[in-house]
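Visitor: I have a model open and would like to learn how to read it. Could you walk me through a few features?

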Amino acid sequence: MTDEAQFQAKRPISASLAGPYGHPFHPILVTVPIGAWVTSLVFDIASHVVHRPGFLTQGSQWLIAVGVIGALLAAMVGFLDLFAIPAGTRAFRTALVHMTLNLLVTVAYAVNFLWRYNSYTSGGSVGWGRLALSVVSLVLLGVSGFLGGKLAYRYGVRVADENTQAEGYTPGARARNARPAA
């Protein structure tokens, strides 16, 4: 069962939607919410330092919105990767916790966006409650990211098998999927 389960977790359910074998789309898409939300926290903190913080509070709110949209796209592709993992395995349980944390973080940021809605028009800095919600959300995102790393790097979910990886370490050998130069 173990070899078969590992093989199943490496293959995409739908290569056109989840990404081809050995190159999943989920890790690419998660960079959007991570980058947007980290930058929004930087803007939140900076809004307490500058003289006229209105542009930072407005920018932070829209970065949160970009992050929520990016997270929803990443979640759709992540669902496809989840379905490739055999149920009842440690990897599947880890993936469920990873998904649950990500959904909680996304909901927290959606609430944060709504809480901020139109509050930047006063030109003031981000409120301490909103800033605290961003910090807690980012901590949870970090825990979830750790679990996502565990899925990829420890359990090998959607990572090419060792024989495919070995092609990159064979001197002078061409990859099977490489096209000849024109």
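Guide: Sure. Let's begin with what counts as a helix: a DSSP run of H or I with at least four residues, numbered from the N terminus. Keep in mind that this is a predicted model. As a case, Lys-150 sits in helix H7, which spans residues 128-154.

Visitor: Is Lys-150 buried, exposed or partly exposed?

Guide: The general idea is two cut-offs: under 20% relative accessible area is buried, over 50% is exposed, and partly exposed is in between. Lys-150 comes out at 27%, so it counts as partly exposed.

Visitor: Which residues does Lys-150 touch, leaving out those up to four places away in sequence?

Guide: Thr-94 and Tyr-155. You can also look at C-alpha distances: Lys-150 and Ala-95 are 55 residues apart along the chain, yet their C-alpha atoms are separated by 9.3 Å.

Visitor: Next, charges. How many salt bridges does the structure hold?

Guide: The idea is a side-chain nitrogen of Lys or Arg within 4 Å of a carboxyl oxygen of Asp or Glu. Here there is one. It pairs Asp-44 with Arg-116, at 2.7 Å from N to O. The two partners come from distant parts of the chain, 72 residues apart: Asp-44 belongs to helix H4 (residues 31-46) and Arg-116 to helix H6 (residues 90-116).

Visitor: Are Asp-44 and Arg-116 buried or exposed?

Guide: Apply the cut-off again. Asp-44 has a relative accessible area of 0%, so it is buried. Arg-116, at 3%, is buried too.

Visitor: How are H4 and H5 oriented to each other?

Guide: Angles over 145 degrees count as roughly antiparallel. H4 and helix H5 (residues 54-84) pack at about 160°, with axes 8 Å apart, and are therefore roughly antiparallel. H4 passes H5 in a left-handed crossing. The contact residues divide into twelve nonpolar, six polar and one charged. On the H4 side they include Trp-37, Phe-43 and the salt-bridge residue Asp-44; on the H5 side, Leu-63, Gly-67 and Ala-71 are among them.

Visitor: And how are H5 and H6 oriented to each other?

Guide: Their axes come within 9 Å and cross at roughly 155°, so H5 and H6 are also roughly antiparallel. This crossing is left-handed. From H5, the contact includes Trp-62, Leu-72 and Phe-79, and from H6 it includes Met-99, Tyr-109 and Arg-116. The contact residues divide into 15 nonpolar, four polar and one charged.

Note on methods: Residues numbered from 1 in each chain as written. Predicted model: local features only at pLDDT ≥ 70, side-chain atom pairs only at ≥ 80, totals over all residues. Heavy atoms only, no water. Helix = DSSP H or I, 4+ residues; strand = E, 2+ residues; numbered from the N terminus. Buried < 20%, exposed > 50% of the residue type's maximum accessible area, 1.4 Å probe, protein only. Axes fitted to C-alpha atoms, helices over the stretch in contact; angles between N-to-C directions. Parallel < 35°, antiparallel > 145°, perpendicular 65-115°, else oblique. Left-handed = near helix turned anticlockwise from the far one by under 90°. Contact = heavy atoms within 4.5 Å. Nonpolar A, V, L, I, M, F, W, Y, C, P; charged D, E, K, R; others polar.
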